[in-house]
Every structure is written in structure tokens, then in C-alpha cells.
Amino acid sequence: ISLLPIQYDLSASTFSPDGRVFQVEYAIKAVENSSTAIGIRCKDGVVFGVEKLVLSKLYEEGSNKRIFNIDRHVGMAVAGLLADARSLSEVSREEASNFRSNYGHDIPLKHLADRVAMYVHAYTLYSAVRPFGCSFILGSYDEDDGPQLYMVDPSGISHGYWGCAIGKAKQAAKTEIEKLQMKEMTCRELVKEVAKIIYIVHDEVKDKAFELELSWVGEVTKGRHELVPKDIKEEAEKYAKVIYIALKHILSKLCPFILNISLSNNIVYILW
Amino acid sequence: MRLANTSVAVSDERAHTAQSLSGDAYATFIHDLYVEFLIMDSHHSYSQVKGVSTGTTILAVKFNGGVIIGSDSRASMGESYVSSKTINKLIQVHDRIFCCIAGSLADAQAVTKMAKFQLSFHSIQMESPPLVKAAASIMRELCYNNKEELQAGFITAGWDRKKGPQIYVVSLGGMLLSQPYTIGGSGSTYIYGYVDAKFKPDMSLEEATQFSTNALALAMGRDNVSGGVVHLVVITEAEVKHVVVPGNKLPKFHDE
């Protein structure tokens, strides 16, 4: 059993003595370095939320989107290397489009997830290429099959979920998601909860500014995947910040020495 | 284009030029086409039919809870030789999806064989019975992409869980159209009036069976290349039932 990956981690076509493919595991680590994306499936739709870190104030607002439209009824939220994710979104689009061209109807999400997962998996077999360094969450809504949510990771496995999170704060986000009763919620209620979760897991100390990307697909959008409209998004962000702002307000009233309060990983930091 | 009982595939450019012609020019165009057609040495030439063709009557009707598809059973070579009296033109492409074939029998069999394979593969991949629309789309892709070589038209009908009973016409060049009832083949020209007048949406199984049998009997009575027995297949959620009405049990009308 080799605990050290030396010698066995140089290419995806090599197993280690204890049966691991290190390149794939490194690819998964690359996803964990990126900021969080979550997707939650409710009674009548799917909502995506992405914590998009803004590295410079000079960036145009809304650039480098991390939520993609794959087909009219399918959305994809990504975490990891953005360039890899963009390439996979194009692959997914082609799959969905070919399916529609051959069979005359919308591609069922399970089938799409399987097909893209197969594609991702192919890149874990050869030394000539590297695995994709991104995970992504696919969601769709169909009148007959209802809402569907699938997540694909760099190893090429896809799972169906009621709620999932990828990226650096995925554990914290998962904890928050598990508290929700998503099977009984509607999309409108869920949008607020998703915004709240992103705000909670955002680490104010390590990462400063971020943009919240919210999108949904469900009965409320008549089965089309869209970005959440501006007014609903503002309402959701207000709801998310309310606890946070209230806490700040109370503590600053109590103690005038306090200069700043920030929330990171469920721990409140007070600067005084 | 229809000339007598046959259709002629015309290339896009010619069809385009035809549209821009008027009066005398158009008549000349048609005449030239007809002459060319007569001396053409291909399997759809009037007097030199090389292959077996299904001068035929096919129909499909949606009723309350399912579809009925029906056909005659005659295969002809040219206008005067009946090569088979008992051919089955209702091909099963999946558990609850059937295709009726019209045109060149060889082409129709090749297409349905390919479609059956593709559909079964698709259905296993999707882990559920295929949609009728998917079956029709597969046929359409085959007909459209090979329209130069093929001379076969289909009616795809069946039942699926999503939309229930459906009927799709896949024509010669690869058109796909959904209809509540449809007729096809050379014998269909004689019964357009009958089906248009007698069709009612949401018929019962008995009414629909009577409707189909009458329509086919009338067509077979007037079209020389349709005849034999009436094959009917009733497709519902529960089962697929094949009914054969032999020639002497067909409904009789005033001319007989």
C-alpha cells in the first residue's frame, strides 16, 4: 500500500498499488479550490445558486457567468476550472441538440447526465489527456417527470440529488441544505433559502467581494431555465442578509468599540 | 407531385423553377416531366416496374384510449400482376408502436428494420419504453437523409405513457406530421371524402373499428392495386391486438 503518490500520480492511465487513480483525485481537489455552487430540487422545480468571487473591482458586472443554459429546459451550475466547465457545457449542448434532432423531443435529464458523465470519464482513461477539473450540477423541469437534479464529478460519476453542493464550502453548504424540507417547498420559497445558504457559507475573511448568481427552472418558469428576475433576486438577497445585518446592528449598538463584524464558516469574527 | 397513381420525386431545383412558371410555361414543364418519366428506366417508371411495390391503402385512426392502424394486403408489380395477396404492411417497431408502409416494399422493409434496431437501442438506453414521437423521428431522419435513394412513406402510430395514443405521418421526402387520423397509399385517394365525413374525435373501439374497416373496404373496392384482406392492429395501453378481416367478411356497399 503506497500512501505517497510518488510514481503513481503522473498520468491518468496509472493505478496506484492501493487501487487509486491519483490524477482523478487531484482533479477533484481542483474543484474544491473553487467557490461554492449549490443546486436544490423542490416540489415544482430546481434552483441553482453560485457564489461567484469577484477578484477585481475592474471586472464588468455579470461577466464570467458560472450558470449555463444547456437546452431550453436544462441548466448547469459549475465549480472548478471555468475553462474546462465551458468546454463541457458546449459538449452538453451538443448532446441535447443531437438528441432532439434524432428523437424529436427534449432530452431527459438522466440521459443527458449519463452521456456527459461518459464523456468526462473518457478523459480519465488516457495519459495523453488530463481529466476535467470541474464538477457540475444539471437541473431540469418537465411536466411529466417533474424536477430533476444530477451532479457529475471529474471521475465521471453522476448521481441524482434532492440537494447538492460543490466547491470549497460544500460541507457547510450540505449541512445547511440538509436542514431544509425541500420536498414540500416551492421554487419561490427555495430561492430565498438558496440565497441565504450562499451568504452563510461565504467566507468574508478569506474572500472579499462576491456576486450571487441565481437561476431556476420549474413550473414558475413554465419549464424554461432562466436567471432569477432582478426583483425576486433582490428580495432573496435581502432575506439572506437580514440575519447578518441584524446581528451587526445589535452588536454595534451594544458596543461602540466594534469596528467590523464578519461571518466565516459559521463563526462570527468581531474586530474591535 | 402525383401522376395517375404514382408519385414522382423531383429535385429541389426543378421544383423551385416549377413554382416560378405560369400558364403555358408550366404546362410545357409538366409535359416535359411526364415524357421524361415515361422513358425513365427506373423502378418507378410506369411500364417498366422493376421491383415489388405496395400499391396500397393504409390508415390510422385515434380513438378513445388507443389507435387503430389498418392496411390491405396486396403487393403488386406494375399494374397487372399481384405478387402477393397476403402481405403484412403493419410492421411492429416496438411493443406499442407500429408502422404502416407504402411505396417500394424493399425500401420500406430496409427502413423499418433499421428503425426497429435504433429504437430498441434507444429504449434500452433510456430505460423506458420509447415515445411514439421518437420512433417517428427516427423514421423521419432515415427518410430525409436518404431521400434520393428511398421511395417509401410511413404512418407511425402507437401508444406511450407521456401523450397516450398518437399518429405521425412520415412522408416520402421526410416530412413529419401529427394527425388525429390519416390515410395513405394509392388507394387512399378514393376514400378522402369518406374519412373526412365520417371521422369523429374520441370514438369508441367499436366505432373506430367499423370506420377503419369501411374505409379500407371502399378503397380496396376501387383501387386495383389494393386488395386482399384487411389487417387491423388495435394498440392500447394494455395490449396489442391483431385483427384480420378476410375478403368475404368485408362490409359490402351499393356497387357490389
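A residue counts as exposed when its relative accessible area is over 50%, as buried when that figure is under 20%, and as partly exposed in between. Keep those cut-offs in mind as we walk through this predicted model, starting with a residue that sits well on the exposed side.

That residue is B:Glu127. Its relative accessible area is 62%, so B:Glu127 is exposed. You'll find B:Glu127 in the loop between H3 and H4 of chain B. The backbone is worth a look here too: phi is positive, about 55 degrees, although B:Glu127 is not a glycine.

Chain A has a residue with the same sort of backbone entry. A:Lys222 is not a glycine, yet its phi is positive at about 55 degrees. A:Lys222 belongs to the loop that runs between strand S9 (210-218) and strand S10 (226-227) of chain A. With a relative accessible area of 74%, A:Lys222 is over the 50% cut-off and therefore exposed.

For contrast, go to strand S5 (residues 66-71) of chain B, where B:Ser71 is found. B:Ser71 has 0% relative accessibility, so this serine counts as buried. What does B:Ser71 touch, once residues up to four places away in sequence are left out? The list is B:Thr57, B:Ile58, B:Lys89, B:Leu90, B:Leu216, B:Val229, B:Val230 and B:His231.

Now for the place where the two chains meet. In contact are 13 residues of chain B and 13 residues of chain A. The size of an interface is often given as the accessible area lost when the parts come together. For chain B and chain A that buried area is about 1100 Å², and carbon and sulfur atoms give 49% of it. On the chain B side, 40% of the area buried against chain A is supplied by B:Gln125, B:Met126 and B:Lys162, more than any other three residues.

B:Lys162 turns up again when you look at charges. Two salt bridges are counted between chain B and chain A. One of them joins B:Lys162 to A:Asp142, with the closest N and O atoms 3.5 Å apart. The rule for polar contacts finds four residue pairs across this interface, both partners at pLDDT 80 or more. As for secondary structure, helix H3 (105-126) and helix H4 (132-145) of chain B are the elements that give two or more residues to the side touching chain A. H4(B) has the largest share, with six residues. Sorted by class, that side of chain B has four nonpolar, three polar and six charged residues.

Let's step back and take in chain A as a whole. Chain A is built with six helices and 12 strands. The chain has 272 residues, of which 49% count as buried. Among contacts in chain A with a separation of 6 or more, 62% are between residues 24 or more positions apart. The accessible surface of chain A comes to about 14100 Å², and 55% of that belongs to carbon and sulfur atoms.

That leaves the salt bridges. Side chains of opposite charge can pair when their charged atoms come close. Over all chains, the count comes to 21 salt bridges. Take A:Lys170 and A:Glu32, whose closest N and O atoms are 3.2 Å apart. A:Lys170 lies in helix H4 (residues 170-178) of chain A and A:Glu32 in helix H1 (residues 22-32) of chain A, so this salt bridge ties together parts that are 138 residues apart in sequence. Both ends are partly exposed, A:Lys170 with a relative accessible area of 23% and A:Glu32 with 35%.

The salt bridge of A:Arg93 with A:Glu90 is a local affair, with N to O at 2.8 Å. Both residues lie in helix H2 (residues 82-103) of chain A, three residues apart, which is about one turn of the helix. A:Arg93 is partly exposed at 27% relative accessible area, and A:Glu90 is also partly exposed at 43%.

A:Lys179 and A:Glu176 make another salt bridge, their closest N and O atoms 3.1 Å apart. Which partner is buried and which exposed? A:Lys179 is exposed at 56% relative accessibility, whereas A:Glu176 is buried at 10%. Finally, chain A also holds a network of salt bridges linking A:Asp71, A:Arg72, A:Arg100 and A:Asp106.

Definitions and conventions. Residues are numbered from 1 along each chain as its sequence is written. Chains are lettered from A and ligands numbered from 1 in the order in which they are written. This is a predicted model: local features need pLDDT of at least 70, side-chain atom pairs count only at pLDDT 80 or more; totals for chains, interfaces and linings use all residues. Side-chain values use heavy atoms; hydrogens and water are left out. Contact means heavy atoms within 4.5 Å. Buried area is the accessible area (1.4 Å probe) that two parts lose on being put together, summed over both. A salt bridge is a side-chain nitrogen of Lys or Arg within 4 Å of a carboxyl oxygen of Asp or Glu. A polar contact is a pair of N or O atoms within 3.5 Å; within protein, one must be able to donate a hydrogen and the other to accept it, and residues adjacent in sequence count only if both atoms are side-chain atoms. Helices (H or I, at least four residues) and strands (E, at least two) are DSSP runs, numbered from the N terminus. Ala, Val, Leu, Ile, Met, Phe, Trp, Tyr, Cys and Pro count as nonpolar, Asp, Glu, Lys and Arg as charged, and the others, Gly among them, as polar. Buried means under 20% relative accessible area, exposed over 50%, partly exposed in between (1.4 Å probe, protein chains only). Accessible areas come from the Shrake-Rupley method with a 1.4 Å probe; for residues, only the protein chains shown count as cover.
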